[in-house]
2 protein chains.
Amino acid sequence: MSNTQRAISELRRLVFSGELPAGSDHLESELAERLGMSRTPIREAARTLESQGLLELRARKGVRILPVSLEDMREIYDVLTELESLAAERAAEQHYTGAELGELASAITDMKAALEVKDLEAWADADDRFHVELVRLGGNSRVASITAMMSDQVRRARAVTLFMRPLPVQSNEDHQGVYEAIAKADPKRAHDLHHAHRQRARDMILDLLERHRLRQL
Amino acid sequence: MSNTQRAISELRRLVFSGELPAGSDHLESELAERLGMSRTPIREAARTLESQGLLELRARKGVRILPVSLEDMREIYDVLTELESLAAERAAEQHYTGAELGELASAITDMKAALEVKDLEAWADADDRFHVELVRLGGNSRVASITAMMSDQVRRARAVTLFMRPLPVQSNEDHQGVYEAIAKADPKRAHDLHHAHRQRARDMILDLLERHRLRQL
DNA sequence: GTGAAAATTAATGCATACGCAAAAAAATGC
DNA sequence: GCATTTTTTTGCGTATGCATTAATTTTCAC
């Protein structure tokens with residue numbers, strides 16, 4: 001694995017874990033030393049992550065970890081809503097067999113189990129798996145990579161809202177409905193159910209952040 | 001302007017003009033010499049363009065200009081359909097004044113004029129302006145940059161299909177309808193009209209390419 | 001003491017050099 | 001003549017150094 005690759009995944013990890021907090025600036029040379037390599041692979045990695053919307057390269061100021069504003073969240077959830085709903089619709093058009101929907105079903109099972117023991121981290125992980133698998137089943141690689149990018153951008157926010165929100169009971173019912181619509185090969189229903197699901201989640205989270213005056217993450 | 005910036009716009013131009021044809025490979029050192037700079041800014045530019053889906057960096061093979069397959073076109077038009085329809089919907093929610101919709105109206109006027117004198121290049125330019133302005137009015141910067149990226153990826157294909165397709169009379173009517181729905185602040189109608197418009201264009205182009213056995217561009 | 005101008009510092013942008021791994025070419029054995 | 005091994009070549013990945021330029025500090029005039 002190349003140093004540039006390592007720099008990409010390492011920097012991602014540092015951003016997601018909060019070791020490089022939103023809004024902070026870091027010199028290329030600092031990061032290079034921190035990751036034990038020269039500036040070159042750091043610069044290449046930074047350019048990649050910049051185009052993925054995680055950070056920004058500013059001349060003489062180093063790389064800035066991009067904060068996510070309320071407005072950003074609105075934009076991102078809107079994109080996620082549309083593209084994932086498209087994926088659900090397309091998935092339902094494929095007439096997948098039960099076996100092919102196994103991963104989706106297992107993600108739902110895990111969410112239910114996590115919810116019963118109130119393990120929110122485990123629930124969030126399974127929720128992630130559900131959404132990743134859904135867009136995979138949708139069969140559009142561009143939808144998959146765009147939604148992955150958008151999810152990355154709000155990953156920090158989720159860590160905050162996860163413990164502020166009510167137990168995601170409604171979410172679980174939504175997922176079940178989307179799954180059944182896909183299994184029954186009902187594209188319109190799959191689309192509309194997922195659309196409503198994402199819209200609800202969006203409104204709930206934006207409302208939550210607004211009420212807690214968290215305008216930046 | 002930095003050499004990296006120049007490399008980005010120059011490489012884009014070379015790709016769009018066909019001077020670097022789809023599927024061709026080019027050594028970093030060749031491109032560096034061609035653009036009169038060292039490999040470093042070429043590599044940085046290539047990484048940026050890679051994340052925009054225009055080319056691919058392959059070890060020891062240089063950069064490969066990515067061809068666009070029929071399947072790619074399907075994916076791209078699907079994404080464009082959903083995100084632009086969202087933009088139309090959101091634009092209609094803003095209650096824009098006539099003045100604020102001026103650029104959109106002017107794009108439509110230009111398309112009509114171009115159509116009457118059968119100037120397809122001028123029509124395509126105005127059509128571009130319409131779609132760019134539409135997503136701008138939608139107010140979601142991520143939708144704007146994603147649709148711009150997707151449009152870039154099919155730009156080569158459009159040059160081919162433009163002169164194969166029937167005169168875009170239907171398209172012009174569609175645009176008019178979307179414009180009116182936005183002016184009348186009817187989000188659902190704006191969404192549905194634009195969705196149908198894009199879907200029609202998609203089916204027409206895919207059909208055209210398939211009948212002409214153009215499976216790669 | 002204040003403001004402008006000059007000097008200094010510092011970090012990027014880029015050119016360049018080199019090692020290494022992979023591909024191509026050549027040599028060798030059968 | 002073909003396959004296999006060895007040699008050579010080639011091009012990328014990365015480190016390094018320097019020039020450029022923006023930011024900062026210092027100096028100096030008023």
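# Two chains and two DNA strands

Hi everyone, let me begin at the DNA. Helix 3 of chain A provides the largest share of the surface near DNA strand D, namely three residues. Please keep in mind that what we are looking at is a predicted model.

Let's stay with strand D for a while. Which elements give two or more residues to the surface near this strand? From chain A they are helix 1 (3-17) and helix 3 (39-51), and from chain B helix 3 (39-51). If you sort the residues of that surface by type, you find four nonpolar, six polar and six charged.

There are 16 residues around DNA strand D, and the ones that come nearest are Asn3(A), Thr4(A), Ser38(A), Thr40(A) and Arg43(B). And which part of the strand do we find there? Of the atoms of DNA strand D that come within 4 Å of the protein, 67% belong to sugar and phosphate.

Let me show you a few individual atom pairs. Start with Thr4(A): an N or O atom in its side chain is 2.7 Å from a phosphate oxygen of DNA strand D. Now go over to chain B. A polar backbone atom of Gly62(B) is 3.2 Å from a phosphate oxygen of the strand. Arg60(B) is paired with a base instead: a polar atom of its side chain lies 3.3 Å from a base nitrogen of DNA strand D.

Now please turn to the other strand, C. Here too we have 16 residues around the strand, and Arg43(A), Asn3(B), Thr4(B), Ser38(B) and Thr40(B) come nearest. Sugar and phosphate make up 67% of the DNA strand C atoms that come within 4 Å of the protein.

Again, some pairs to find on your screen. On chain A, a polar side-chain atom of Arg43(A) lies 2.5 Å from a phosphate oxygen of DNA strand C. Glu28(A) uses its backbone: an N or O atom there lies 3.2 Å from a phosphate oxygen of this strand. On chain B, look for Thr40(B), where a polar side-chain atom lies 2.9 Å from a base nitrogen of DNA strand C. The elements giving two or more residues to this surface are helix 3 of chain A, and helix 1 (3-17) and helix 3 of chain B. Which helix gives the most to the surface near DNA strand C? Helix 3 of chain B does, with three residues. By type, the residues of this surface are four nonpolar, six polar and six charged.

How are the two chains related? Here is a bit of background: two copies of a chain are related by a rotation about an axis and a shift along it. In our model, a turn of 180° with a shift of 0.0 Å along the axis lays chain A on chain B, with an RMSD of 0.1 Å. That is the relation of a two-fold axis. Both copies use the same surface, too, as 96% of the contact residues of chain A recur in chain B.

A nice place to see the chains touch is Thr48(A), which sits in helix 3 of chain A. Is Thr48(A) buried or exposed? Its relative accessibility is 10%, so Thr48(A) counts as buried. Beyond the residues up to four places away in sequence, Thr48(A) touches Ile8(A) and Arg47(B). With Arg47(B) there is a polar contact from side chain to side chain, at 3.2 Å.

Let's step back and look at chain A as a whole. Its domain assignment gives domain 1 (3-65) and domain 2 (70-211). The contact between them takes nine residues from domain 1 and five residues from domain 2. Their C-alpha centres lie 29 Å apart.

In domain 2, I'd like you to find helix 8, which covers residues 169-183 and contains Ser171(A). His175(A) is found in helix 8 as well. Ser171(A) has 7% relative accessibility, so it counts as buried, and His175(A) is buried with a relative accessible area of 0%. Leaving out neighbours within four places in sequence, Ser171(A) is in contact with Trp123(A), Arg165(A) and His197(A). On that basis His175(A) is in contact with Ile108(A), Met111(A), Asp127(A), Phe130(A), His131(A) and His197(A). So His197(A) turns up in both lists.

One last stop is Ser29(A), in helix 2 (residues 28-34) of chain A. With 41% relative accessibility, Ser29(A) counts as partly exposed. Thanks for listening!

Note on methods:
Residues numbered from 1 in each chain as written. Chains lettered and ligands numbered in written order. Predicted model: local features only at pLDDT ≥ 70, side-chain atom pairs only at ≥ 80, totals over all residues. Heavy atoms only, no water. Least-squares fit on C-alpha atoms with pLDDT ≥ 70 in both. Contact = heavy atoms within 4.5 Å. Near = heavy atom within 4 Å. Polar contact = N/O pair within 3.5 Å; in protein donor to acceptor, adjacent residues only side chain to side chain. Helix = DSSP H or I, 4+ residues; strand = E, 2+ residues; numbered from the N terminus. Nonpolar A, V, L, I, M, F, W, Y, C, P; charged D, E, K, R; others polar. Buried < 20%, exposed > 50% of the residue type's maximum accessible area, 1.4 Å probe, protein only. Domains from an automatic or database assignment.
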